[in-house]
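Colleague: Could you take me through a close look at the ligand site in this model, and then at the parts of the chain that deserve a second glance? I would be glad of one connected account.

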Amino acid sequence: MKKVGIIGSTGSIGTQALQVIRELNGEEPESFSVSVLACGGNVGLLAKQAAEFLPEAVSVGDKNGAEQFRELIGELRPGYKPEVFYGAQGLKKAAAFDQDILLNSVVGMVGIEPTLAAVKKGTDIALANKETLVAAGDIVMREAKKSGSRILPVDSEHSAVFQCLEGLRSEDVESVILTCSGGPFRTYSKERLEEVTLEQALNHPTWKMGGKITVDCATLMNKGLEVIEASRLFGLPVDRVEVAVHPQSIIHSMVRTRDGAVFAQMGVPSMKLPIRYAFAHPVRHAAGAERLDLFANSPLTFEKPDTDRFPCLALAYEAGRTGGTMPACMNAANEKAVSLFFRGAVRFADIPKIVERAMEAHVTVRNPGIRDILATGKETYRTAGEDLLRR
Ligand SMILES: NC(=O)c1ccc[n+]([C@@H]2O[C@H](COP(=O)([O-])OP(=O)(O)OC[C@H]3O[C@@H](n4cnc5c(N)ncnc54)[C@H](OP(=O)(O)O)[C@@H]3O)[C@@H](O)[C@H]2O)c1
């Protein structure tokens, strides 16, 4: 039986991961058990998940949430008393629990320290939290090499590249090509982008996801984060990570080899396949599999991304090339800008401006340690966008 821990179990990826575990255990009883579950504020859902999967420990956002969880679980499952952690320390404890694999599906920079805690123990990581590899990719990959922990990508593009790379020699790989739906504003003019609302930005054409990543998809920052994530994960310079807009989201990503071949991984747009493959690698399970109808999804088309209308993608390439603490700065500025957009404090078109200004002001630390990265993230988050608010 494989022990899986899930931090971010109440989110879009977390809930789908629990469904994958139900399906895998339906195919082969007791092949997976859940060791820990962790969330931020949705304690009600966490209690229901814990009552079903009986983890040894849970972690919630704060002390009040911990009290609330104890009450709820006492009603749902009398007699069952898991350890209850809370806060940032609780999340780290949950990540460092004794388990075979940790799914990190929390959103944002809060995912960095738990990933490192698990990697240092040698636990395999199913990584959905892309912000970890963007801000601290070099450190995480170095520590993983030392401890023997495997980083198994859950992001569908990186899972696709990972699957295409299996059986290829690294020296034969020329580049990877990340596909991108183009988001809901793919055809909008620059002027029209000035006017878009939060409601429109949350209406993604092909994927149903958490709020922050959905806005990132609309600005193309999500693709920018993924370019850096791919570069760190697969050990390639960012300029060997290409992006192709592919509105149908059927090809999840590709790999070019030096003999001119292009390998693509295709499937219906669903996160369950990458989650299932990360949990069971290298085994492929039929449970819950969705079949692609090629004829219903024809034709497949490709466009070049437009960095003039979507500057976040160009900013991410720049941050990835600069390296050091710059990607952490870019990521934190984006997190802040998106949170301000959610609050209605800035416009959609302000998001790239906030990121660009933060990057211009940042003095990059070369070869940073984890403290430099966390300090950059914290300070950038505190200051980014404040000038736009005051106007
Ligand atoms: N959704 C997708 O299809 C998709 C695809 C590829 C990659 N990803 C990546 O996967 C990550 C998660 O995305 P998502 O769409 O699943 O996000 P989401 O639906 O917003 O879920 C985020 C999860 O993180 C938890 N969380 C947030 N802040 C926390 C904190 N301070 N401490 C502990 N837990 C915290 C939330 O708990 P509460 O809700 O209980 O507060 C929730 O369980 C992101 O990095 C995203 O870029 C997502």
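Modeller: Happy to! Two strands are said to pair if DSSP finds at least two bridges between them. Keep that in mind for later; this is a predicted model, and the ligand comes first.

The ligand has 24 residues around it, and those that come nearest are Thr10, Gly41, Asn42, Glu131 and Asp155. Sorted by character, the shell holds 10 nonpolar residues, 11 polar ones and three charged ones. Two helices each supply at least two residues of this shell: helix 1, spanning 12-27, and helix 6, spanning 130-147. On the scale of domains, the shell draws residues from both domain 1 (2-153) and domain 2 (158-270 + 291-390), so the ligand lies between them.

Now for the atom pairs. Glu131, already listed among the nearest residues, places a polar side-chain atom 2.7 Å from an oxygen atom of the ligand. The backbone takes part as well: Gly40 has an N or O atom of its backbone 3.0 Å from an oxygen atom of the ligand. For Cys39, a backbone N or O atom lies 3.5 Å from a nitrogen atom of the ligand. As for cover, the ligand taken alone exposes 900 Å², and the protein buries 82% of that.

Next come the strands I promised. Strand 3 (residues 57-60) pairs with strand 4 (residues 83-86) in the parallel sense, over four bridges. Within this pair, Ala57 of strand 3 stands opposite Glu83 in strand 4. Between the two strands the chain passes through helix 3 (residues 63-76), making a β-α-β crossover that is right-handed. In a regular strand, side chains alternate between the two faces of the sheet.

Just ahead of strand 3 there is a backbone detail to check. Leu54 sits in the loop between helix 2 (43-53) and strand 3, and Leu54 has a positive phi of about 50° although it is not a glycine.

Finally, have a look at the loop between helix 12 (272-280) and helix 13 (311-322), where Pro282 is found. A cis peptide bond joins His281 to Pro282, with omega about 10°. Pro299 also belongs to the loop between helix 12 and helix 13, and the bond joining Ser298 and Pro299 is a cis peptide bond, with omega about 0°.

Key:
Residues are numbered from 1 along each chain as its sequence is written. This is a predicted model: local features need pLDDT of at least 70, side-chain atom pairs count only at pLDDT 80 or more; totals for chains, interfaces and linings use all residues. Side-chain values use heavy atoms; hydrogens and water are left out. A residue is near a molecule or strand if one of its heavy atoms lies within 4 Å of it. A polar contact is a pair of N or O atoms within 3.5 Å; within protein, one must be able to donate a hydrogen and the other to accept it, and residues adjacent in sequence count only if both atoms are side-chain atoms. Accessible areas come from the Shrake-Rupley method with a 1.4 Å probe; for residues, only the protein chains shown count as cover. Ala, Val, Leu, Ile, Met, Phe, Trp, Tyr, Cys and Pro count as nonpolar, Asp, Glu, Lys and Arg as charged, and the others, Gly among them, as polar. Domain bounds come from an automatic or database domain assignment. A crossover is right-handed if, with the strands pointing away from the viewer, the path from the first strand over the helix to the second runs clockwise.
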